[in-house]
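The questions and answers that follow go through one structure step by step, and each answer closes on what was asked for.

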Amino acid sequence: MTVEIFTSWGNVIREPQESAPLPSRHADFPAAPALSSLLPYGNGRSYGDSCLNVGAGLIPTRSLDRFISLDVTSGLVTCEAGILFDEMFQVIMPAGWFVPVTPGTRFVTLGGAIANDVHGKNHHAVGTIGRYIVRFELLRSDGQRLICSPTENSGLFSATIGGLGLTGIITWAQLQLRRIAGPLMTVDTIRFANLDEFLRLQAESDREFEYTVAWVDCLGTGRQLGRGWFERANHSPTSAGLPQERPRGLNVPFAPPFSLVNAASLRVFNTLYYHRPRSQRGDRWFESYFYPLDSIGNWNRLYGPRGLYQYQCVIPDAAGREGTAALLNTIARSGQGSFLAVLKVFGALESPGMLSFPRKGLTLALDFPNRGQSLERLFAELDAIVRASGGRLYPAKDGRMPPELFREGFPRWREFTQYIDPRCSSSFWRRVMDGA
Amino acid sequence: MKKILVMGAGSAIAESTARLFAQRGDSLFLVGRKADVLESMCADLRVRGAKAVGMQVMDANDFGAHEAMLNGAETALGGLDTVLIAHGTLSDQQACQASVEQTLHELNTNGVSVVALLTRIAARFEQRRTGTIVVISSVAGDRGRQSNYVYGSAKALVTAFTSGLRQRLYPLGVAVITIKPGFVDTPMTAAFPKGALWAKPQQIANGIVSAVDRGSATVLYLPSFWRLIMFIIRSIPEAVFRKLKL
């Protein structure tokens with residue numbers, strides 16, 4: 001066992017934690033009797049404290065990165081849970097397959113994608129990744145190795161999807177891939193002037209475009225409230241091969257002494273971005289379409305040594321437009337927004353995950369430099385709007401939501417607790433269970 | 001398409017290297033001590049594109065098993081043109097100082113077993129006048145240091161032996177490549193605190209594969225800055241070196 005500094009993507013928490021290694025998928029659950037609890041830790045791309053276990057231990061899983069099988073005719077891939085999407089792509093894409101659902105970074109592990117039941121720009125069309133997990137093996141601290149699927153150990157299956165690593169270690173998983181002709185995406189980019197125009201664009205696009213998402217200028221107020229760019233895309237039917245030379249991205253080698261994301265830089269960036277040249281249609285590499293931020297390595301460091309918070313909520317359909325408008329108004333008034341305010345309509349397809357975040361409605365996600373108290377005051381205002389509209393926050397992005405907001409937003413938390421492995425816990429879980 | 005034998009296949013450097021070969025459609029025969037690790041590697045390499053994959057469980061210190069293993073590898077691959085010798089253990093220096101048995105065991109694992117294998121492989125490749133032999137030695141073999149001189153002296157044996165073997169086989173068209181990795185972040189070194197000098201096994205693997213492709217019979221420090229570091233360490237006069245806590 002060694003002590004290392006583990007962080008999450010938000011870089012707010014930088015604490016030494018013990019690591020209890022798992023040398024292979026055949027190895028036993030680490031004993032680590034000196035540690036009060038353990039938590040599987042993938043690639044640390046959750047933003048807050050859901051992948052951390054301060055004062056206790058982590059089980060790094062990146063070393064579990066072997067493929068087990070790939071059926072190139074049916075698109076069924078089985079691999080160890082520590083493999084990154086990026087590593088999976090090297091093998092599945094030349095064979096004509098792609099993941100059915102991808103988050104905004106390809107540097108997540110498969111296990112992490114399951115534990116957070118990730119969604120992508122195609123949620124309205126296909127739902128979350130949990131719907132495509134055929135089965136997985138769960139290693140429990142009592143030594144049991146359980147195959148979980150919708151029909152076998154179905155309670156644990158449903159608890160583990162979106163279960164934040166608390167139900168044990170996913171050693172391997174089987175995923176149903178989706179066919180693609182090649183790595184290109186056909187993308188339409190359309191400017192919209194306000195929230196109503198966005199909703200109209202979504203309504204006219206959601207049948208014919210698998211992927212839709214919008215970027216919103218979170219500094220716009222009044223008639224400009226909710227202005228931005230709408231992107232809709234499909235996999236291109238052209239079959240170009242993978243690029244031979246991957247473009248080398250930029251990297252942020254260290255955190256500057258203060259956040260480069262501030263009121264001045266934001267206003268300039270957002271205004272320029274909104275007034276970019278007119279709408280266009282074109283083919284783009286999948287990497288630049290799905291993962292624009294991955295091309296800037298460690299972009300989180302731009303937020304300085306105090307790190308960043310992401311706020312991602314979903315407002316259920318009935319209150320969607322009003323709730324989102326209220327959120328955007330509040331953020332614009334605060335002047336604390338971020339480069340990236342992402343707005344997306346979630347569809348009605350249900351996930352098997354007990355604590356799955358997405359539900360039918362509108363989701364808004366923004367990054368904020370960590371400014372301490374003034375930011376928490378803004379968050380409290382946003383929380384009130386989310387709560388009033390019956391919404392909830394995404395645990396994968398959260399590092400601060402009040403326990404009551406979590407428990408109201410995820411009413412199945414009580415049912416979930418019976419599936420938690422007695423040796424597993426996390427900083428997030430202890431926080432949101434406070435007072436329960 | 002190469003036909004490659006990997007000794008110590010379960011080591012992190014060997015596995016990373018094997019993946020690069022597999023992606024190109026080469027055939028691989030894996031040898032190691034743990035059956036479950038070899039089996040899961042075989043499946044992985046097949047998915048990654050290896051043309052054929054075989055395996056055998058063997059302890060490198062079982063010298064009597066070497067010849068049969070080599071025959072098995074040649075049969076399974078339909079020939080053999082490349083060998084990667086990557087097995088080894090990081091010796092516990094303190095334990096070795098207290099035990100002759102432990103010291104000899106470490107010397108066997110990291111040094112003598114490599115010599116035994118190389119002797120048999122050299123004979124095969126010498127006859128055919130072709131082939132590439134890659135051996136993982138270590139910067140630790142460049143100069144004995146009190147913190148790990150048992151491991152270091154085993155690697156010094158490997159370095160000196162491969163140097164001579166390279167001269168002998170070079171005119172015959174057989175390339176012997178000595179790899180000297182510096183600090184590599186692997187399960188073998190999990191207990192060490194990691195600093196700026198540490199490399200990932202993937203970096204070492206990239207260096208190995210490009211050396212095999214060039215077929216350059218040479219000594220390669222990986223990453224290359226270790227050549228300079230070790231030059232300096234070797235240049236320290238003994239009168240100074242004996243006082244250092246290295």
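Q: Which residues of α6(B) does α5(B) meet?
A: In this predicted model, the α5(B) side of the contact is made up of T103(B), E106(B), L107(B), N110(B), G111(B), V114(B), V115(B), L118(B), A122(B), F125(B) and E126(B). By class, the contact of the two helices has 14 nonpolar, 3 polar and 3 charged residues. On the α6(B) side, the residues met are V150(B), Y151(B), A154(B), K155(B), L157(B), V158(B), F161(B), L165(B) and L169(B).

Q: Are α5(B) and α6(B) roughly parallel or roughly antiparallel?
A: Helix α5 of chain B spans residues 100-128 and helix α6 of chain B spans residues 149-169, and their axes lie 8 Å apart. The two pack at an angle of about 10 degrees, and angles under 35 degrees fall in a single class. The helices α5(B) and α6(B) are therefore roughly parallel.

Q: Which strand of chain A gives the most to the side of chain A that touches chain B?
A: Between the chains, 11 residues of chain A are in contact with 11 residues of chain B. The chain A side of this contact has 6 nonpolar, 4 polar and 1 charged residues. With 4 residues, the element that gives the most to that side is the strand at residues 67-71 of chain A, β5.

Q: What radius of gyration does chain A have, and how does that value compare with the globule rule?
A: The secondary structure of chain A comes to 12 helices and 21 strands. For its 436 residues the globule rule gives 22 Å, and the value for chain A is close to this, so the chain is as compact as a globular protein of that length. The C-alpha atoms fill a box of roughly 60 × 50 × 45 Å along the principal axes, and the radius of gyration is 21 Å.

Q: What share of contacts in chain A between residues at least 6 apart in sequence joins residues at least 24 apart?
A: Buried residues make up 48% of the 436 residues in chain A. As for the contacts between residues at least 6 apart in sequence, the share that joins residues at least 24 apart is 75%.

Q: Is D117(A) buried or exposed?
A: D117(A) lies in the loop between α2 (110-115) and α3 (123-126) of chain A, and has a positive phi of about 40 degrees although it is not a glycine. The cut-off for burial is 20 or more other C-beta atoms within 10 Å. Because D117(A) has 29 C-beta neighbours inside 10 Å, this residue counts as buried.

Q: How many other C-beta atoms lie within 10 Å of N153(A)?
A: N153(A) is found in the loop between β9 (145-148) and α4 (154-160) of chain A, and this residue too is not a glycine yet has a positive phi, of about 45 degrees. N153(A) is partly exposed, and the number of other C-beta atoms within 10 Å is 19.

Q: Which peptide bond of chain B is cis, with omega near -15 degrees?
A: The proline of this bond, P223(B), lies in the loop between β7 (219-222) and α8 (225-235) of chain B. The mean pLDDT of chain B is 95, and 100% of its residues reach 70 or more. The cis bond, with omega near -15 degrees, runs from L222(B) to P223(B).

Terms used. Residues are numbered from 1 along each chain as its sequence is written. Chains are lettered from A and ligands numbered from 1 in the order in which they are written. This is a predicted model: local features need pLDDT of at least 70, side-chain atom pairs count only at pLDDT 80 or more; totals for chains, interfaces and linings use all residues. Two residues are in contact if their C-beta atoms, placed from the backbone, lie within 7 Å. Ala, Val, Leu, Ile, Met, Phe, Trp, Tyr, Cys and Pro count as nonpolar, Asp, Glu, Lys and Arg as charged, and the others, Gly among them, as polar. Axes are lines fitted to C-alpha atoms, for helices over the stretch in contact, and angles run from 0 to 180 degrees between N-to-C directions. Angles under 35 degrees count as roughly parallel, over 145 as roughly antiparallel, 65 to 115 as roughly perpendicular and the rest as oblique. The radius of gyration is taken over C-alpha atoms; the globule rule is 2.2 Å times the number of residues to the power 0.38. A residue is buried if 20 or more other C-beta atoms lie within 10 Å of its own, exposed if 12 or fewer, and partly exposed in between; C-beta atoms are placed from the backbone. pLDDT is the predictor's confidence in each residue, from 0 to 100.
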